[in-house]
Amino acid sequence: MPHVIVSPCIGVKDNACTEVCPVECIYDAGEMFLIHPDECIDCGACVPACPVSAIFPEEDVPAGETEFIVKNRAFFGL
């Protein structure tokens, strides 16, 4: 999973990340957006577009936010 969206996105859901994604792999998951791990091409375009700094490469997800790696995979049935 190249990139993961974490808690700052909850309740914000600014569409800036979805607008810059070249492969449209960011989906509305209700309270936040999530990135489909099999569709993401790891381009990183979404990272600077996020106004709340909620998007990280999986290996750089901050401590205390790692539950979102699991949440992301579960949402997409992976």
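Student: Why is D28 called partly exposed?
Tutor: The relative accessible area of D28 is 47%, and the class depends on cut-offs: buried means under 20%, exposed over 50%, and partly exposed in between, computed with a 1.4 Å probe on protein chains only. The value of 47% lies in between, so D28 is partly exposed. Bear in mind that this is a predicted model, in which local features need pLDDT of at least 70 and side-chain atom pairs count only at pLDDT 80 or more, while totals for chains, interfaces and linings use all residues. Residues are numbered from 1 along each chain as its sequence is written, and side-chain values use heavy atoms, with hydrogens and water left out.

Student: How do you know that D28 forms a salt bridge with K13?
Tutor: The closest N and O atoms of D28 and K13 are 2.9 Å apart, and a salt bridge requires a side-chain nitrogen of Lys or Arg within 4 Å of a carboxyl oxygen of Asp or Glu, so the pair qualifies. D28 lies in strand β2 and K13 in the loop between β1 (3-5) and α1, which means that the bridge ties together parts 15 residues apart in sequence. Such elements are DSSP runs numbered from the N terminus, helices being H or I over at least four residues and strands E over at least two. K13, at 24% relative accessible area, is partly exposed.

Student: What makes E31 and K71 a salt bridge?
Tutor: The N to O distance between the side chains of E31 and K71 is 2.7 Å, which satisfies the same kind of cut-off, so the name applies. This pair links distant parts of the chain, with E31 in the loop between β2 and β3 (33-35) and K71 in helix α3, 40 residues apart. E31 is partly exposed at 41%, and K71 is partly exposed at 32%. A search of the whole structure finds two salt bridges.

Student: What keeps E65 from having a salt bridge?
Tutor: The nearest side chain of opposite charge to E65, that of K71, is 9.4 Å away, and E65 is buried. Charge here follows a fixed assignment: Lys and Arg count as positive, Asp and Glu as negative, and His and the chain ends are not counted. E65 is found in the loop between β4 (55-57) and α3 (67-75), where it touches V6, S7 and P8, residues up to four places away in sequence being left out; contact means heavy atoms within 4.5 Å.

Student: How do you know that C9 is in no disulfide?
Tutor: A search of the whole structure finds zero disulfides. For C9, the nearest cysteine sulfur, that of C17, is 6.3 Å away, whereas a disulfide is a pair of cysteine sulfur atoms within 2.5 Å. C46 is likewise unpaired, because its sulfur is 6.2 Å from the closest cysteine sulfur, in C40, too far for a bond. C9 is buried at 7% relative accessible area, and C46 is buried at 8%.

Student: Why does E24 count as exposed?
Tutor: The relative accessibility of E24 is 61%, over the limit for that class, so E24 is exposed. E24 sits in the loop between α1 (16-20) and β2 (26-28), and its phi is near 55 degrees, a positive value in a residue other than glycine. Most residues other than glycine have a negative phi.
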